[in-house]
Each structure stands twice: as structure tokens, then as C-alpha cells.
Amino acid sequence: MKKLVHLIKEEAIFIVLLVLFIFFMCTSDRFLSLPNLLNIARQVSMLGIASVGMTYVILIGGIDLSTGSIITFVNIITAYFMVNMGMNMWAAILIYLLVSTGIGFINGFLVANFNMPSLIVTFASQIIFEGLAYIISKGMPIFGFPAAFSEIGQGYLGPIPIPIIIMTVVFLIGGFILNKTYFGRYFYALGGNETASELSGIRVKRVKYLIFSLSGLFAGVAGIVMLARTNSGQPTAGKGYEFDVITAVVLGGVSLSGGSGRLANVVAGVLIMGVLKNGMVLLNISSYVQMVVEGLILLLAVGFDCVQKKGLIKA
Amino acid sequence: MKRKFLAVLLSALMTAAVFGGCGANSQAQSSGTAAASSNTEQTSSGSTSQKKLKIGVTVQSLSNQVWSGACSRMKELAEAAGNTLTYVSCDDTSSKQIEQIENYISSGCDVIMVNPSDPNAIETVCKQARDAGIKVMCWDNKMTNTDINWIIDNEKLGYMIGEQAAKFINEKFTDGKCEVAVLDYPQTQILLERENGILKALKAKAPNASVVAQQPAIDATGGLDAMETILQAHPNVKVVCCIGGGGAVGANEALKAANKIADNVGIFAADATNEELAAMLAGEANRMSVMITGTPKTIGETVYKMLVKLGNGEKFESQNVYREIFPITADNAKQYYTGK
């Protein structure tokens, strides 16, 4: 009995995913087709990629509100480089990743050195870079990329869409950093008790630089996929995207107070969001109802997390 | 030491703020008197208006290319004519917009244009502006306390989208049998009116067509995601009607990626954005988009003309001025396409 309760506690998110899966399987005959499953995976790929960086940040008890803005800003500058200046696509992508990592690093630098709350720092950079994106694009979308570029978002490697492959690779790398390296263990330590970590010799500042830089980098990778998928650099591209990412991570059971969470569960959180969105469109549920359901699911997931912490469910 | 420094800094800031405030006030007054004196000048010199106008504009958001494009064009025109035009975004917040209008009133504007986040929330402050002798123009809503409302008949616009789609359906399909998807956004009232227009026209003009999906899509990403999934549920969807250009661009990408571009596949939408026009000219799925007034540049010019007319005290026929709408297809897209 104890074992069962423990199992439910740890793997609740997978049970929710399974229940959703079975529900949509029974209600829509199209849901369980291979093209649709690939479609779901492709649609959540950006969310999944960005969620890895966000998981790290939330693990140390921080938050990154700049994810959406980083995506928008680098989308616009890359589109500008490729279309208006005719830059080679690989060079543009390289710049893209450098800039997004750089923005993440600045966030980390401010958080670590000036003890500023990450909520405020990243909120400020969200506003700044959104503004800069408007200045560069003058509010107009930039489009007309080389065909090879849109392959990143729309192409296939064999039967599998490229965004899914990128997401899988990012999850593997993300999981490796978190579970197999010293840094990964530092993330948990920092989230558990920052002072204790510092006293035990962890260079807290460096870890924070790394975490926020990685969050920027992964946001950048997600942004490239988004840019290639929509084939157009839009000044509204990433608006509000950070909240989708935070929702997925929190659904995946990463505690907002830091210190605990598993990447595998975040994968499940990401998939739940995708399955839910896809299933509701397949059933042609009205958008009003969709909003209610999304809110309820989030409430349930976070509620479960909090109930666990209070020890209402005893193992 | 630190505290002292902080104290000095704070007091310096406060003094600066006080002086700055006074400066702004006196400037407002002086511009007010200047406006008054130039008014008398104008009456003496006749119809050629040399009056320098001070115009304040607040829009819902500058993240929309129509508003941002139109505003920057208006500013260019105002500067060229020696008038002053300031534009700000209220980021969809009524309280912020009220503050902005209050600031325009106290800075002595001659004309204020509002693109309301919520028209009811700003009625009172617009009344204050008009009581202060300022002309007020509203962009997009039928307000009470304004001199003119520049508005779209959204149901008529939606009807035009549906009508064009119906024409296409009746041409391409025997008996007009065809599966249709509607990309809507019922969270916004005007877009809901547009959707109702689309559905009405489809029912009247293409009664055999069936609407198999209605899903929200306000931007390209939303349109792409929704269309991909709709194609999973209904692979035979041939016609897509969208309430706006963003969703239409996304739907086109989804159809392209699924290799569904064909002679009998079409997207019908509104806004006639540059991206939609580019897709039309390239023979992709976008077949028609309803243009409202014109390109953002033309919109800016039209609005600016109306603002100057208002500022010069000229009369309009009615408080409600309806905006012109017309369909753009591959045939006439070229003349409105302004490149990348």
C-alpha cells in the first residue's frame, strides 16, 4: 500500500497523461493515428526545448520571464540579417544562439551579483527586448527566408519531423547536464539551500551564470524552430510564451520554491499541454471552454504539488 | 556615506521632477495661448490654415503592424507639415489609457485620437477632453463622447469574406459541396461579429458547404497549430475562412507543409497584410483578403487627414464614419504589395 501511494505521488503526471490519452482515443477516431501523434510532438517541440532551461531556473527557486522576449528579439534580428542583409543562414543561426545566450548571461549576471530577484530582472529584460524588437522591425513582420531555413521547422528526417529530433536531442542533453554532471547536482543544492551550498564550496555565482545562460540558449533554439515553422519573423512571435513554458514545467512537478523536480516529468508536462490542445481541437471544442479546461488542469497539477508538500497524502 | 549619497540623489531627482513638471505646465499653457492666437489669425487669413496643430494619439498596442505602421506614417506627415503628433500605446490597459488622455488634455492638445482598449472605460475622460474644447476622434468603436468615430462594419466585412469563399466554392466544386474550416477569435467582440458575418454568408451563398471546424487563431503561430490539427481531423478541408491576416498566414504554412496547395484549395481572410499578398502572388493558398481602407501607410494618411480636418474645425456629415472595405485577390494584389 505504501509503495502504491509513493508511486502515485511520483508518477501522478504520467497517470494524468495516460488518462487524457485514453479519453481522446475514445472520443476521436483520428487521435491515435501516427500523423496526428507526430503532429502533437512537432507542435510541442518549441515548448519542450524552452522548458529545459526554465526547469533549471525554477529548480534554483528563480523564474525566467524573458523567454518569450528573447525568442521575439532574436527572431527579428535573425530575420533582419537573413532577409534584409542577405546573410548566410548558418551564420545567422550562430549569431542567434550567441545573442540569446548572451541575454541569458546578462540576466544571470544581474541576479547573481546584485542579488536582484530573478522575477524583476527577467521581467525588465522582457520589456527591453520586446521594445528593441519593435524598434528593429518597426512593428512589421519580416519574411522571405531561404528555403533551406524553413526545413528546420517544416522538414523531415526520414519519417520524423526535424523539430521533434531537435527537441529529443535537447531533452537528452538537458537530462545529461541535470543528472550526470556536477553542475546538475549543484542546481538541486542551490534550490534546496543557497547559503549551505555556498558554505560547502559551490561557486554559486558561476552556477547562476550558467543556468540563466542555458535558459537563454534553449529559448534561442526554441525560437529558431518557431521562426522556421512560421517562416516569418513576427514582432509578436514570443509574446506570453514564457507562461506556456512555466505552465509546462510546473505541470511537470518542478516545485516553484526550488530544489525538487525531474526532467522526465517535465517531458510529461509538455506532452499533456500538447495532447490537451490537440484533442480539444480535434473534438472542435469552443475556445471559451478550452481556456477553462487549461486553467483547471494547471490548478489541479499545482494543487497536487502543494497538497503533497503539506503532507496530506502520506507515504 | 551611502545614505548621504542616496539622500542627495533623491532630493536632486525631486527638484528635477518639480521643475520638469512646472516646465511642462507652462509649455502647455503657452501652446494653448499660441493655438488661440493662431486661431484668430486663421479666421483673418481665411481658409488657408497655417495653424500649428498639437495632436495626441493613443492606441491599444503597437505590436500590431497596422497600428504601428499607421502611427509612424502619421508622425512623418505631421512633422512635414510642422504639426506636433505624439503617439503612445496603452498596452490594452484602460487605466493607462485614461492617464494618457489626461496627459494630452493637460498638455493642451488640439485633437486627441483614441483607439480604445475598452470604449466604456474612457467615455468620461473623453467628455472632459471635449469640455476643454479638444476634438476627439475614436478609431474602431462607436463611442458617445467623441466628434467622430472611424469604424468598421465588422459583420459586413465578415460577410464579404464568406461571400468570396462561397463564390470560390461554387466555382470549384460540383453542387458546392466542400468542407470548410473557420479560424476565429471569439474572445474579441468585433472579431466575433466578423465570424458571424462569415457564417451567415456561407449559409446563404454556399448552402451545401459544411463548416467542420471552428478554432481560434489570432496570429501566425496560432493559425499554424490550429490548421495542422484541423487537417488531422478533417483531411478534406479545402477552404479556410479567417477573421484576420495572422491566422491566414499560419494556415497557409500548414497547407504548404502538408502538400495541400492545389487549384481548389483557398484561404479567405481580412487585413490584406504584405505576407498574405506575397502568398497570393506566389500562387499559394491565400486567395482573397479584405483590405480595410488600404495599407498601414494609407491608413495613416487617411487618419491624419481626418485629424487635421477636425483640428481646423471642419464639420463631418455624421459622427460615425465607416471605413472602406474591398477584396484583394491575385488580380489586384500587386498594386498593394509593398515588398518585404
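How many bridges join strand β4 of chain B to strand β5 of chain B, and in which sense do the two strands run? The answer is three bridges, between β4 (residues 135–139) and β5 (residues 148–151) of chain B, and the strands run parallel. Within this pair, B:C138 stands opposite B:N149 of β5(B). The model is a predicted one, and the confidence values are taken up further below.

Strands β4 and β5 belong to an open sheet of six strands in chain B, ordered β2-β1-β3-β4-β5-β11, in which the pairing is parallel. At its edges stand β2 (84–89) and β11 (320–322) of chain B; each has a single partner strand, so one side of each is left without a neighbour in the sheet. On average, neighbouring strands of this sheet are turned by 15° against each other, direction ignored. Helix α3 (residues 94–106) of chain B lies across three of the strands, namely β1 (54–59), β2 and β3 (111–114), and runs at about 180° to β1(B).

Chain B holds another open sheet of six strands, with the order β7-β6-β8-β9-β10-β12 and mixed pairing. Its edge strands are β7 and β12 (325–329) of chain B, each of which pairs on one side only. The twist from one strand to the next averages 15°. In general, strands of a sheet pair through backbone hydrogen bonds, in either the parallel or the antiparallel sense.

Two pairs of this sheet can be followed in more detail. Strand β6 (residues 179–184) of chain B pairs with β7 (residues 210–216) of chain B in the parallel sense over six bridges, and B:V180 stands opposite B:V211 in β7(B). Between these two strands the chain passes through helix α6 (residues 189–205) of chain B, and the resulting β-α-β crossover is right-handed. The other pair is β8 (residues 237–242) and β9 (residues 266–270) of chain B, also parallel, with three bridges. Here B:V239 has B:G266 of β9(B) as its bridge partner. Helix α5 (residues 154–172) of chain B packs on the sheet and touches β8, β9, β10 (286–292) and β12 of chain B, its direction making about 165° with that of β9(B). Helix α9 (residues 274–281) of chain B also packs on the sheet, touching β9, β10 and β12 of chain B, and its direction makes about 145° with that of β10(B).

The domain assignment divides chain B into domain 1, made of 52–151 and 295–323, and domain 2, made of 154–292. The C-alpha centres of domain 1 and domain 2 of chain B lie 32 Å apart.

Turning to the interface, 31 residues of chain A are in contact with 30 residues of chain B. On the side of chain A that touches chain B, the elements that give two or more residues are α2 (34–59), β1 (142–143), α10 (204–230), α12 (263–282) and α13 (287–309) of chain A. The largest share, four residues, comes from α2(A). By type, the residues of this side of chain A divide into 13 nonpolar, 14 polar and four charged.

How confident is the predictor? For the complex it gives an ipTM of 0.72 and a pTM of 0.75. Chain A has a mean pLDDT of 88, with 96% of its residues at 70 or more. Among the elements of chain A, helix α7 (residues 162–180) has the highest mean pLDDT, 95, and α13(A) the lowest, 79; α13(A) is also one of the elements on the side that touches chain B. For chain B the mean pLDDT is 85, and 85% of its residues reach 70 or more. Over residues 18–48 of chain B, pLDDT stays under 50, and the model has 18 contacts beyond four places in sequence for this stretch. Where pLDDT is low, the predicted coordinates should not be read in detail.

Terms used: Residues are numbered from 1 along each chain as its sequence is written. Chains are lettered from A and ligands numbered from 1 in the order in which they are written. This is a predicted model: local features need pLDDT of at least 70, side-chain atom pairs count only at pLDDT 80 or more; totals for chains, interfaces and linings use all residues. Domain bounds come from an automatic or database domain assignment. Two strands pair if DSSP finds at least two bridges between them. Axes are lines fitted to C-alpha atoms, for helices over the stretch in contact, and angles run from 0 to 180 degrees between N-to-C directions. Two residues are in contact if their C-beta atoms, placed from the backbone, lie within 7 Å. Ala, Val, Leu, Ile, Met, Phe, Trp, Tyr, Cys and Pro count as nonpolar, Asp, Glu, Lys and Arg as charged, and the others, Gly among them, as polar. pLDDT is the predictor's confidence in each residue, from 0 to 100. A crossover is right-handed if, with the strands pointing away from the viewer, the path from the first strand over the helix to the second runs clockwise.
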